Amino acid sequence: MGKFSVHLTFFLVVQVVCASSVVGEVCENKQYLELYQPGIIQCSFEEGFLGVQWFNSTVEETSEIITYIRDVKDGPGFRSGEYDVWLNGSLFVRNVTVEHEGVFIVTHAPRHLTGEAV
């Protein structure tokens, strides 16, 4: 009898709510991340945006986890090393666990709303 190995991949669902003021942004409503691996909640904002804020709305009070404003990252999720924001505004999760399953909210400020040249 031969030996067989079975590789099971477990995914969890995160829902993303974009509270964007600019039409045409790309941010899939439901995304799947692999458990116990690094994961990316994909959103792609226009180049040169001013900033983004990510919130986890599945905790008792909607809480900000990370901000990325004018190339400066901050927030409890960033300071703990659990989260990061990529240059296109996507949320990076260092190690996906079942606690990450739920609804994440992203808001962003495009550069042209600040009066700066586009």
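Author: Buried means under 20% relative accessible area. The structure shown here is a predicted model, and the term can be applied to its residues one at a time.

Reader: Is D84 buried or exposed, and what is its relative accessible area?

Author: D84 has a relative accessible area of 17%. Because the cut-off for buried is under 20%, D84 counts as buried.

Reader: Which residue meets the side chain of D84 in a salt bridge?

Author: The general idea comes before the case. Side chains of opposite charge can pair when their charged atoms come close. Here the side chain of D84 meets that of K73, with 2.8 Å from N to O. The two residues belong to distant parts of the chain, eleven residues apart: K73 is in strand β6 (residues 72-74), and D84 is in strand β7 (residues 83-85). K73, at 27% relative accessibility, counts as partly exposed, whereas D84 is buried.

Reader: How many salt bridges does the count come to?

Author: The count comes to two salt bridges. Besides the pair of D84 and K73, the side chains of R79 and D74 meet in a salt bridge, at 2.5 Å from N to O. R79 is exposed, with a relative accessible area of 57%. D74 counts as partly exposed, at 36% relative accessibility.

Reader: I should like to turn to disulfides. How many does a search of the whole structure find?

Author: A disulfide is a covalent bond between the sulfur atoms of two cysteines. The search of the whole structure finds one. This disulfide joins C27 to C43, with 2.0 Å from S to S. The pair links distant parts of the chain, 16 residues apart: C27 is in the loop between β1 (11-19) and β2, and C43 is in the loop between β3 (39-41) and β4 (51-56). Both cysteines, C27 and C43, are buried.

Reader: Where does Q31 lie, and which backbone atoms lie 3.2 Å and 2.7 Å from a polar atom of its side chain?

Author: Q31 lies in strand β2 (residues 30-34). Q31 is buried, at a relative accessible area of 8%. A polar atom of the Q31 side chain lies 3.2 Å from the backbone oxygen of E28. The backbone nitrogen of Q42 lies 2.7 Å from a polar atom of the side chain of Q31.

Reader: How should one read the pairing of strands? Which strands do bridges join to β4?

Author: One may begin with the bridges between two strands and then look at residues that stand opposite each other. Six bridges join β4 to strand β5 (residues 63-69), and these two strands run antiparallel. In this pairing, W54 stands opposite I66 in β5. Six bridges also join β4 to strand β9 (residues 102-109), again in an antiparallel arrangement. There, N56 stands opposite F104 in β9.

Reader: Is β4 mostly covered or mostly exposed?

Author: β4 is mostly covered, since five of its six residues are buried.

Reader: How many residues has the largest nonpolar core, and which have the most contacts inside it?

Author: The largest nonpolar core has 19 residues, and V52, W54 and L91 are those with the most contacts inside it. The elements that give two or more residues to this core are β4, β5, β7, β8 (91-93) and β9. β5 gives the most to the core, with three residues. W54 thus appears in two parts of this account: W54 stands opposite I66 in β5, and W54 is one of the residues with the most contacts inside the core.

Key. Residues are numbered from 1 along each chain as its sequence is written. This is a predicted model: local features need pLDDT of at least 70, side-chain atom pairs count only at pLDDT 80 or more; totals for chains, interfaces and linings use all residues. Side-chain values use heavy atoms; hydrogens and water are left out. Helices (H or I, at least four residues) and strands (E, at least two) are DSSP runs, numbered from the N terminus. Buried means under 20% relative accessible area, exposed over 50%, partly exposed in between (1.4 Å probe, protein chains only). A polar contact is a pair of N or O atoms within 3.5 Å; within protein, one must be able to donate a hydrogen and the other to accept it, and residues adjacent in sequence count only if both atoms are side-chain atoms. A disulfide is a pair of cysteine sulfur atoms within 2.5 Å. A salt bridge is a side-chain nitrogen of Lys or Arg within 4 Å of a carboxyl oxygen of Asp or Glu. Two strands pair if DSSP finds at least two bridges between them. A nonpolar core is a set of buried Ala, Val, Leu, Ile, Met, Phe, Trp, Tyr and Cys residues joined through side-chain atoms within 4.5 Å.
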